[in-house]
Amino acid sequence: LLSDRETVGSSNMEDDGSLKFHQQLLLISENLVTEEVAALKFLCTDLLHLRQLESVKSAVDIFKLLMAQRYLDAEDTFLLAELLYRIKCHSLLKKLGYTKEKVQECLHEKGRVSPYRQMLYELSENITNEMLKDIIFLLQSHLPKRRTLSALDLLILLEKQGLLTKDNVQILEEVFMKVSPDLLETINCYKKTKGEKFRVQEQLSANKLARQTVCACVFDTGTVSIQMISVLIFKKRRVISDSGEKKRNFTSKIADSSYSFFFSFLQNMTSYKMDGPHRGFCLVINNVNFNNSERQGSYKDAEQLERVFTWLGLDVRTYTDLKSGDIINLMQTWQRLQDHKDRNCFICCILSHGESGAIYGTDEKLVSIRMIMSQFTAKQCPQLAAKPKLFFIQACQGKNIQRPVYVEADARIPDLSSMQQSFSLCESIPEEADFLLGMATVDGYVSFRHIEQGTWYIQALCSKLQLLVPRGEDILSILTEVNEDVARRVNRSGTKKQMPQPAYTLRRKFIFPIPRDPPPS
């Protein structure tokens, strides 16, 4: 039994804990914009009654409903952490004591958002404004007139009318077949995971039986992960069901051409489409002349990038000495370009001085790398939706200044009287699919440039592209070789080293088609 004083003390501690918890929720709510609140509502649809959610005006309203249903309290905040993770508000997780990685670890056991709801939300995030107009036009007989709808509003309406359920997504399949066939992949993944995690689908002919493909889709980690697993039958040419039971025997001989067909088919299924008539555009921004310095050797990098990416089939455009405002304007101009629609990919290379998560214009003002890349998200640039977008940044990511005779740090001397806000590399890449960011160095460190031969990173990148693209290597394998190359290099005194850092949200392998011409150098 507790004394009166102990009881009062315990009560005060509980009150303090409750107050702190509610303050955390209020702070999180204040950091969520209208679209994010709408996303939270949508993800809670399977947990809370629609009538309750219809009255929600803010995130605090959602938190109250979750607490009333005992989904959320001071001792167990994981559901809220999961919701913030799924709407990509990763910076708010630390207010609950979580990290992005910690949430990912716990999702399999503690996740409450259903694969069905995840699938719908994933689709909504990839529906551009133009797609939404087309979808509304196709479904106009099912929708109220004269009402502005978001993608989430549209999905909720279809559910209310019974046209869309966890067991029936046919209406979405029909619409996306016409509007955006690429998004059918997300729906197909959901359908395959609904009944069983792995499934071998029988084909009609013996040849097809010899080259089965299993699609393993994992929704419970928060991102759709698709692995194409080839099932080749050699000995008795038997097809085995998931339970291990022999399903069918056949003795027809499989021709060698069947195997070559299979591997070609498999590569097409697991790689980005790169066989169009136009490969894509490659921008090269080469900032050489600053107020108090010149990036000697940078012209060598720009020339090499132009030769290599032209050899790889891209239409290269080079821009020299751009101020910060010019860089932003250039990105916005290329964002609006309609010609992306007929291209397979987009590549941008920036050679400049830099700080953490940002690069300098020649006016010595910082431009956020995230801001540059975000110009090309699916919503900002629908012509590049579901297409790979690669960014290579040659710039320092720290303030350590090294100036040997022949090798110098690729950073300007900072003006302490006008120090700008620093940016974190981990927040530079947009939190949506199909991006790759190749950085010359890890966050906080300098990168090096030879005043005659160019930078270590760009020269290694161009060298490995010429060596490994003809071998059919994908871009991530190539960048691993670039890391190895740069890591082996040292300056003349043997005291300065460098390590590049790639970050990516690619969903498939990115493989350049092998050029017919020999490498340029």
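How many bridges pair E8 and strand E9 in the antiparallel sense? The answer is two, with E9 covering residues 358-360. The legends below start from that pair and then move through the rest of this predicted model.

**View 1. Strands E8, E9 and E10 form an open sheet.** The sheet has three strands in the order E8-E9-E10. Its pairing is antiparallel. The edge strands are E8 (354-355) and E10 (366-368), and each of them pairs on one side only. Strand E9 (residues 358-360) meets E8 over two bridges. Look for Gly354 here: its bridge partner in E9 is Ile359.

**View 2. Six strands form a second open sheet, with mixed pairing.** The strand order is E6-E5-E7-E11-E13-E16. Strand E6 (315-320) and strand E16 (501-504) stand at the edges. Each has a single partner strand, so one side of each is left without a neighbour in the sheet. From one strand to the next, the twist averages 10°.

**View 3. At one end of the six-strand order, E13 joins E16.** Strand E13 spans residues 435-439. Four bridges link E13 to E16, and the two strands run antiparallel. One pair to find is Met439 with its bridge partner in E16, Gln501. Helix H18 (residues 475-488) packs on the sheet here. Helix H18 touches strand E11 (389-394), E13 and E16. The direction of H18 makes about 160° with that of E16.

**View 4. Helix H15 lies across E5, E6 and E7.** This helix covers residues 324-335. The strands beneath this legend's title are E5 (278-286), E6 and E7 (343-351). Helix H15 runs at about 175° to E5.

**View 5. Helices H14 and H17 come together with their axes within 10 Å.** H14 covers residues 298-311, and H17 covers residues 456-468. Their axes cross at roughly 20°. That angle is under 35 degrees, so H14 is roughly parallel to H17. H14 passes H17 in a left-handed crossing. On the H14 side, the contact is made by Lys300, Asp301, Gln304, Leu305, Val308, Phe309 and Trp311. They meet Ile458, Gln459, Leu461, Cys462, Leu465 and Gln466 in H17. By class, this contact has eight nonpolar, three polar and two charged residues.

**View 6. Helices H8 and H10 pack at an angle of about 125°.** H8 spans residues 129-138, and H10 spans residues 170-179. Their axes lie 10 Å apart. The angle makes H8 oblique to H10. The crossing is right-handed. From H8, Met131, Asp134, Ile135 and Leu138 take part in the contact. From H10 come Val175, Phe176, Lys178 and Val179. The contact of H8 with H10 holds six nonpolar, no polar and two charged residues.

**View 7. Residues 196-269 have a pLDDT below 50.** Across the protein, pLDDT averages 77, and 71% of the residues score at least 70. Beyond near neighbours in sequence, the stretch 196-269 has 128 contacts in the model. How many contacts beyond four places in sequence does the model have for residues 401-407? There are 23 for that stretch, where pLDDT also stays under 50.

Technical notes
Residues numbered from 1 in each chain as written. Predicted model: local features only at pLDDT ≥ 70, side-chain atom pairs only at ≥ 80, totals over all residues. Heavy atoms only, no water. Pairing = 2+ DSSP bridges. Axes fitted to C-alpha atoms, helices over the stretch in contact; angles between N-to-C directions. Parallel < 35°, antiparallel > 145°, perpendicular 65-115°, else oblique. Left-handed = near helix turned anticlockwise from the far one by under 90°. Contact = heavy atoms within 4.5 Å. Nonpolar A, V, L, I, M, F, W, Y, C, P; charged D, E, K, R; others polar. pLDDT = per-residue confidence, 0-100.
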